[in-house]
Amino acid sequence: MAKFKVGDRVRFVENYGRANKGDEATVTGFFADDGVMVDVDNDKGTHSCFMSRVELVPEWRPKVGDRVVWQEPFKASMYTKGKEYLIHKEEYGTLFITDDNGNLHHSWNRENIPGSFSLVVPLTIEAGKFYKTRDGRKVGPVVVAQGQDDPWPWKAAYGLITYYYRHDGFSCPGWADGHRDADDIIAEWVDEQAEQPAVAVAASNDNAAPAKFKVGDLIELTSSGYAADVGATAYVRSARSDGMYDIEWVRNTLRNGQSDGAYYPFSFKLATTPTAIVALIEDGQPKPATRPKIHADQAAATAEAERLALEHPGQLFGVYVLTTTSQEPAPTYAHEWQRLAAKGEKIAAIKELRGITGLGLKATKDAVEYWLANDETRSRIAA
């Protein structure tokens with residue numbers, strides 16, 4: 001028996017192309033032994049992928065109290081596509097829909113609701129994780145409280161933590177039942193990835209345990225909530241049992257007179273030390289080796305320059321520090337064969353496209369080459 005059939009609703013179990021983990025789609029066809037074609041919701045395009053990337057969405061039985069989203073199977077003045085509504089009550093098999101303000105919109109037969117609305121899956125907030133707000137921002141690591149009596153209000157005020165007063169993601173002042181605020185949490189945050197080949201790939205996620213600094217680490221301030229400016233650096237002297245770190249600021253990075261002492265790690269990250277190379281200088285121009293040695297920091301490169309100067313009297317050696325890099329993101333595409341072709345793997349692209357379309361070898365080869373020559377740039381998905 002086939003795992004899916006055309007028309008089934010499926011959900012991605014990992015990031016793939018423009019689809020994020022948790023996105024839902026409709027099965028439109030199949031290819032190869034374990035390949036499935038799906039049309040992803042929210043205009044994210046059609047994907048060809050292994051069936052292992054998606055799972056069947058369990059059948060939903062609407063009930064009073066469910067929060068639902070209008071899918072716009074037809075135009076209706078009383079509903080807005082993507083907006084949440086509440087199944088308010090049921091009378092004799094008829095369910096009544098209201099908005100967050102309690103305004104009655106329409107009554108529905110329960111069998112017709114799944115084709116017109118999708119269920120909003122309840123969200124359970126966990127401390128320390130990152131989440132997406134209703135207006136699209138990334139927040140966290142989140143600290144969860146049980147009520148409005150915040151024991152550390154200064155932390156939220158200075159941007160050290162994001163405070164939410166309910167485990168279901170409602171924020172203050174939107175903590176009361178039935179009210180939705182732009183700052184409410186609607187989903188766990190998952191970083192988007194570029195489209196990958198059809199092999200198992202571990203999705204990156206900010207919910208991994210936060211890095212634990214160790215004594216001697218150079219750390220960098222990422223929030224201006226402290227008296228020091230963003231970018232100020234410090235060395236870790238010790239870790240305390242209460243989760244704070246004793247640090248010693250690097251003086252030439254301070255502007256606001258901050259003092260050494262104990263700080264929470266929320267607004268710090270490990271500082272990156274720029275790499276450096278050594279180059280021979282002739283007539284004022286650097287002449288680096290074809291494959292110069294990359295030194296871990298400027299101090300190591302300086303030591304090497306001094307060693308070379310002693311070994312080669314009369315020659316001048318300079319240290320060049322990498323301070324800035326620039327890179328355009330690689331283009332992404334709606335289909336795996338396009339990604340392979342654009343990458344230069346034409347044979348793999350032809351094989352992939354043949355598996356989807358069933359075309360002959362020459363016809364498929366001509367199609368891939370025509371696409372590369374005429375349509376490749378127009379097929380790129382905007383980041």
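Helix H3 covers residues 298-311 of this predicted model. Its 14 residues carry the chain 20 Å from the first C-alpha to the last, which sits close to the 20 Å expected at 1.5 Å a residue. Three of its residues are buried, under the 20% cut-off on relative accessible area: Ala-301, Ala-305 and Leu-308. Looking down the axis of H3, these buried residues fall within an arc of 65 degrees, so they line one face of the helix. That face has strands to lean on: the buried residues of H3 pack against strand E21 (276-282) and also against strand E23 (316-321). Turn the helix around and the picture flips, with the exposed residues Ala-299, Glu-306 and Leu-310 sitting on the face of H3 that points away from its buried side.

Elsewhere in the model there is an open sheet. Five strands build it, running in the order E9-E8-E7-E6-E10, and the pairing is antiparallel. At the edges stand strand E9 (104-109) and strand E10 (117-119); each has a single partner strand, so one side of each is left without a neighbour in the sheet. From one strand to the next, the twist averages 40 degrees.

As for the edge strand E10, its pairing is with strand E6 (residues 67-70), in the antiparallel sense and over three bridges. Pairing of this kind goes through backbone hydrogen bonds. Within the E6-E10 pair, Val-68 has Leu-119 of E10 as its bridge partner.

How values were computed. Residues are numbered from 1 along each chain as its sequence is written. This is a predicted model: local features need pLDDT of at least 70, side-chain atom pairs count only at pLDDT 80 or more; totals for chains, interfaces and linings use all residues. Side-chain values use heavy atoms; hydrogens and water are left out. Helices (H or I, at least four residues) and strands (E, at least two) are DSSP runs, numbered from the N terminus. The expected span of a helix is 1.5 Å times one less than its number of residues. Buried means under 20% relative accessible area, exposed over 50%, partly exposed in between (1.4 Å probe, protein chains only). The arc is that of the directions from the helix axis to the C-beta atoms. Contact means heavy atoms within 4.5 Å. Two strands pair if DSSP finds at least two bridges between them. Axes are lines fitted to C-alpha atoms, for helices over the stretch in contact, and angles run from 0 to 180 degrees between N-to-C directions.
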